[in-house]
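Colleague: Could you take me through one part of this model at close range, the strand that you find best for showing how the chain is put together? Please add the cut-offs as you go.

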Amino acid sequence: VLFAVDMQIKGGPGTTGGKGKLTVNHNTAELLRIGKDAYVKGDADFWSATTGNAAAAELLKGKYLKGSTDDPRLKGIVFFTDADFFAKTMFKTEGGLTKGGRRTIGGIEAIGVDSSGEDAATLYVATTGEPRPLQLVSKGDAAGGNLDFFEYDKPFALKPPPTDLVIDTSKLDE
């Protein structure tokens, strides 16, 4: 499975959420979360691959599917916009943690924190300035997958999409 994520995430006081793009097997979707409201926008290929329904794909293409972050139809994808949930999901510590090697990432010195177990990975954390995650490198069955973390504290806005482009999942259940 080819998988790429390009997200901006906000946490802490004020509005929490995130926005960005998720690509799965060459099908890209835009993700947006503002508080508990989640929006997913994809083209017909994305929706066809996601729903398995060509008619639904035509209806949804270019539109934002809106739902709650608790909606099971969206939960598996919007976690990328939640910093806490994302961290817990992507860096599981079932087998314990050990100190890893050092490396320079984006000009910043970092030290690895290795996890073991089925989802083994190394999280590289900055050793100068704030101890922020810089890179997550998958090992084991997921080897070859890397996530880079950068542009900390760069401001960005979270705005709902135009209402004429939104399909609210709560209305689909009525």
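**Strand β5 and its surroundings**

Modeller: Let's start with β5, which runs parallel to strand β11 (residues 166-168) and is joined to it by three bridges. Two strands count as paired if DSSP finds at least two bridges between them. Strands (E, at least two residues) and helices (H or I, at least four) are DSSP runs, numbered from the N terminus. Before going further, please keep in mind that this is a predicted model: local features need pLDDT of at least 70, side-chain atom pairs count only at pLDDT 80 or more, and totals for chains, interfaces and linings use all residues. Residues are numbered from 1 along each chain as its sequence is written, and side-chain values use heavy atoms, with hydrogens and water left out.

Within the parallel pair, tyrosine 64 has valine 166 of β11 as its bridge partner. β5 (residues 64-68) also pairs with β4 (residues 37-42), this time antiparallel and through five bridges. There, serine 68 in β5 is the bridge partner of aspartate 37.

Lysine 66 is a good residue to centre your view on, as it lies in β5. Leaving aside residues up to four places away in sequence, lysine 66 touches Asp37, Ala38 and Tyr39, as well as Leu74, Val166, Ile167, Asp168 and Thr169; a contact means heavy atoms within 4.5 Å. Lysine 66 and valine 166 are 100 residues apart in sequence, yet their C-alpha atoms are 6.4 Å apart in space. For the protein chain as a whole, 36% of the contacts between residues at least 6 apart in sequence join residues at least 24 apart.

Now look at the second largest pocket. Leu65 is among the residues nearest its centre, along with Trp47, Thr50, Arg73 and Leu74, in a lining of 13 residues. Leu74 you have met already, as one of the residues touched by lysine 66. On a 1 Å grid over the protein atoms alone, a pocket is an open set of points where a 1.4 Å probe fits, with protein on both sides within 12 Å along at least five of seven lines; lining residues have an atom within 4 Å of a point. Helices α1 (44-51), α3 (72-78) and α5 (169-172) each give at least two residues to this lining. By type, the lining holds eight nonpolar residues, four polar and one charged. Here Ala, Val, Leu, Ile, Met, Phe, Trp, Tyr, Cys and Pro are nonpolar, Asp, Glu, Lys and Arg charged, and the others, Gly among them, polar.

One more stop concerns the loop that lies between β10 (146-148) and β11, where you will find glutamate 151. Phi of glutamate 151 is near 60°, a positive value in a residue other than glycine. Most residues other than glycine have a negative phi. Glutamate 151 is partly exposed, with a relative accessible area of 44%; buried means under 20%, exposed over 50% and partly exposed in between (1.4 Å probe, protein chains only).

To place all this in the whole, the protein chain has five helices and eleven strands, and 34% of its 174 residues are buried.
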